[in-house]
Amino acid sequence: MDTAGYKKANMEAWNELAPRYHRRWVNRVDGPLQSTTSLIRDVGVAEGDAVLDVACGTGLVTKMLVSAVGDAGLVVGADASTSAIRIAKRGNRRALFVNADAENLAFARKFDVITCQYALFFFPDAPRALRGMRRSLKASGRMGIVVHGGRDRVPYYGAILDAAAKYIPDYIPEGTPQLDRYSTKDKLGAEVRSAGFSEVSVRRRTFRYSPGTFESYWRDYLRYVARPIRSKIDALGRARRRELVEEVRRNAEPYTDGDSGVITFPWQVLILTAMR
Ligand SMILES: C[S@@+](CC[C@H](N)C(=O)[O-])C[C@H]1O[C@@H](n2cnc3c(N)ncnc32)[C@H](O)[C@@H]1O
């Protein structure tokens, strides 16, 4: 898939997924979105700051930023998905939202802080997005980024993706940026440094996420994924599909409590902070 094709498909997926993402993840007390508090604290958002939240999605980070900057501050959320922006606007009357591609940021003003949570790996030209973020910061500006750890450190995804890759060769179409392309301190740090940022610091945190039993994990995954992915699973013959499900079950077994059958996955995330 070429870059333009990927970006179009990714936005169609996010326009479909945004309401499900919001319902499924944003109000959970366990799981990866616990990183939001660490991100805002680590990047040092202060009262009165002007903050840009890149790939703001349905507005979780944006909402917490509004509380952190207070009445004297300014928060702008930017996302390429119109349906995510619509949801974000409904829940955040005090922030401004713009429909924008992270690779083409062009703001007339400069910000004290830029945040970008769980999105950098989606940008095919992430270096360009990072350079644009740097240009949008004041000379004393700070940036905070959160990404997922590697597949083995995020078995919620790893258990399914590893199995699906065997049964459905084009499950993730060729040319799609990998979810774990910035999953180590070295890879993430190097990309941010080469965009010109200084004082780059990355720390790892591991959260827990329990999707319930294997049956609810698998059922909720199928309900959540975007149509093009779901249709590839549906296209498998009955026997192959059963084999796929059993392989995912085996992958999830190390995280499954033998008595209750409840799965508890670790979920590693990387939190980066940097100065302009
Ligand atoms: C996993 S969500 C994260 C949303 C939010 N930052 C959060 O932590 O809840 C990823 C978001 O990245 C957005 N996104 C993906 N590619 C983008 C791009 N090129 N420019 C702007 N937003 C993009 C998607 O529309 C989606 O809302």
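**A ligand and the protein around it**

A backbone N or O atom of Gln117 lies 2.9 Å from a nitrogen atom of the ligand. The protein covers 96% of the ligand's accessible area, which is 600 Å² for the ligand on its own. This is a predicted model. The protein chain has 276 residues.

**Polar contacts to the ligand**
- Ala55 offers a polar backbone atom, 2.8 Å from a nitrogen atom of the ligand.
- Asp101 uses its side chain: a polar atom there sits 3.1 Å from a ligand nitrogen.

**The shell around the ligand**
- The ligand has 20 residues around it.
- Tyr21, Ala55, Asp79, Ala102 and Gln117 come nearest.
- By type, the shell holds 14 nonpolar, 4 polar and 2 charged residues.
- Helix H1, residues 3-26, gives the largest share of the shell, with 4 residues.

**The fold of the chain**
- The protein chain contains 10 helices and 7 strands.
- Its radius of gyration is 19 Å, close to the 19 Å from the globule rule for 276 residues, so the chain is as compact as a globular protein of that length.
- The C-alpha trace spans about 60 × 40 × 40 Å along its principal axes.
- Take the contacts in the chain with a separation of 6 or more: 77% of them join residues 24 or more positions apart.

**Inside and surface**
- Of the residues in the protein chain, 51% count as buried.
- The chain exposes about 12,900 Å².
- Carbon and sulfur atoms supply 50% of that exposed area.

Conventions: Residues numbered from 1 in each chain as written. Predicted model: local features only at pLDDT ≥ 70, side-chain atom pairs only at ≥ 80, totals over all residues. Heavy atoms only, no water. Near = heavy atom within 4 Å. Polar contact = N/O pair within 3.5 Å; in protein donor to acceptor, adjacent residues only side chain to side chain. Areas by Shrake-Rupley, 256 points an atom, 1.4 Å probe, with all protein chains shown as cover. Helix = DSSP H or I, 4+ residues; strand = E, 2+ residues; numbered from the N terminus. Nonpolar A, V, L, I, M, F, W, Y, C, P; charged D, E, K, R; others polar. Rg over C-alpha atoms; globule rule 2.2 N^0.38 Å. Buried < 20%, exposed > 50% of the residue type's maximum accessible area, 1.4 Å probe, protein only. Contact = heavy atoms within 4.5 Å.
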